[in-house]
Amino acid sequence: MESRHHNLKTRQRRERHGYPDNLSLRVHRALSWLDRAEQEADPDSRFIFLWIAFNAAYATEIDDRHGLNEQTTFNGFLQKLWDLDRQRRLDELVWSAYSGAIRVLLDNPYVFRCFWEHQKGNLTEDHWKQSFERAKKAANTALAKQNTPTVLAIVFSRIYTLRNQIIHGGATWGGSVNRQQIRDCVAILNDLVPTVIEIMMDNPGALWGEASYPVV
């Protein structure tokens with residue numbers, strides 16, 4: 001079976017002359033990291049490369065003057081993608097994955113930021129557990145209302161926690177204690193990242209903003 005990267009790269013080569021420069025750079029970079037991710041059997045490495053591919057697609061300069069942070073930025077990006085997704089691919093992805101990897105991920109306290117705040121002594125046990133249950137309830141409510149952007153935002157807050165743990169050296173490569181969350185996050189990103197790139201390619205006229213670190 002042909003890889004998602006192969007199919008998207010074939011399309012990108014055919015269409016790229018019609019893309020504005022900022023979109024062309026984002027897609028080119030994201031596809032390069034998706035290609036690398038698809039070559040990895042190791043789940044830790046695959047997760048890192050898939051995250052970079054996603055980052056390459058959405059990344060823009062984060063303006064601290066306005067109180068923006070990375071999670072706020074990619075939540076806005078996911079909302080924009082959903083608004084542009086006329087084929088409702090993101091809806092289908094969430095509905096099909098929710099009973100599997102997404103639901104398991106939402107039940108996993110080790111990718112919930114407040115759990116780690118409790119471990120550091122910043123939150124009581126009751127506080128983090130109540131926050132955990134509220135977040136799961138919010139995800140279920142969003143699903144019942146078919147609010148895909150909210151579900152994805154909650155899921156990405158979990159993925160982002162794992163991203164921080166790994167990128168900042170808070171986990172052991174191939175370690176036995178974080179296998180489940182790695183597998184679940186990889187399963188979600190495997191489907192989500194190519195879909196994100198495809199929606200962007202479908203909408204070259206949308207305002208994607210200047211890409212970070214332009215080619216100079």
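**H1 against H2**

I started with how H1 passes H2, and the crossing is left-handed. This is a predicted model, so I read what follows as computed. The axes of helix H1 (residues 4–15) and H2 come within 9 Å, and they cross at roughly 155°. Angles over 145 degrees count as roughly antiparallel, so I wrote H1 and H2 down as roughly antiparallel to each other.

Next I looked up who makes the contact. From H1 I noted Arg-4, His-5, Leu-8, Lys-9 and Gln-12. On the H2 side I found Val-27, His-28, Leu-31, Leu-34, Asp-35 and Glu-38. Sorted by class, the contact of H1 with H2 has 4 nonpolar, 3 polar and 4 charged residues.

**The largest nonpolar core**

Which members of the largest nonpolar core touch the most other members? I got Phe-47, Phe-54, Phe-77, Leu-81, Phe-156, Ile-159 and Ile-197, out of 56 residues in that core. Then I asked which elements give two or more residues to this core. My list reads helix H2 (21–38), helix H3 (43–58), helix H4 (70–84), helix H5 (89–106), helix H7 (125–144), helix H8 (148–167) and helix H9 (179–202). H9 supplies the largest share of the core, 12 residues.

I picked Ile-159 for a closer look. Skipping residues up to four places away in sequence, Ile-159 touches Phe-47, Trp-51, Leu-105, Cys-185, Ile-188 and Leu-189. Apart from the largest core I found another one, of 7 residues, including Phe-112, Phe-115, Trp-128 and Phe-132. A general reminder to myself: in soluble globular proteins, nonpolar side chains tend to be buried together.

**Cys-114**

Cys-114 sits in helix H6 (residues 113–119). Is Cys-114 buried or exposed? Its relative accessibility is 11%, so Cys-114 counts as buried, the cut-off being under 20%. With neighbours within four places in sequence left aside, Cys-114 is in contact with Leu-123, Trp-128 and Ser-131. Trp-128 I had already met as a member of the 7-residue core. I also checked Cys-114 against Leu-50: they are 64 residues apart in sequence and 25 Å apart in space, C-alpha to C-alpha.

**Ser-45**

Last stop was Ser-45, which I placed in helix H3. Ser-45 has a relative accessible area of 19%, so I logged it as buried, given the cut-off of under 20%. Not counting residues up to four places away in sequence, Ser-45 touches Glu-40 and Trp-173. I took the C-alpha to C-alpha distance from Ser-45 to Phe-112 too: 21 Å in space, with their positions 67 residues apart in sequence numbering.

Key: Residues are numbered from 1 along each chain as its sequence is written. This is a predicted model: local features need pLDDT of at least 70, side-chain atom pairs count only at pLDDT 80 or more; totals for chains, interfaces and linings use all residues. Side-chain values use heavy atoms; hydrogens and water are left out. A nonpolar core is a set of buried Ala, Val, Leu, Ile, Met, Phe, Trp, Tyr and Cys residues joined through side-chain atoms within 4.5 Å. Buried means under 20% relative accessible area, exposed over 50%, partly exposed in between (1.4 Å probe, protein chains only). Helices (H or I, at least four residues) and strands (E, at least two) are DSSP runs, numbered from the N terminus. Contact means heavy atoms within 4.5 Å. Axes are lines fitted to C-alpha atoms, for helices over the stretch in contact, and angles run from 0 to 180 degrees between N-to-C directions. Angles under 35 degrees count as roughly parallel, over 145 as roughly antiparallel, 65 to 115 as roughly perpendicular and the rest as oblique. A crossing is left-handed if the near helix is turned anticlockwise from the far one by less than a right angle, and right-handed if clockwise. Ala, Val, Leu, Ile, Met, Phe, Trp, Tyr, Cys and Pro count as nonpolar, Asp, Glu, Lys and Arg as charged, and the others, Gly among them, as polar.
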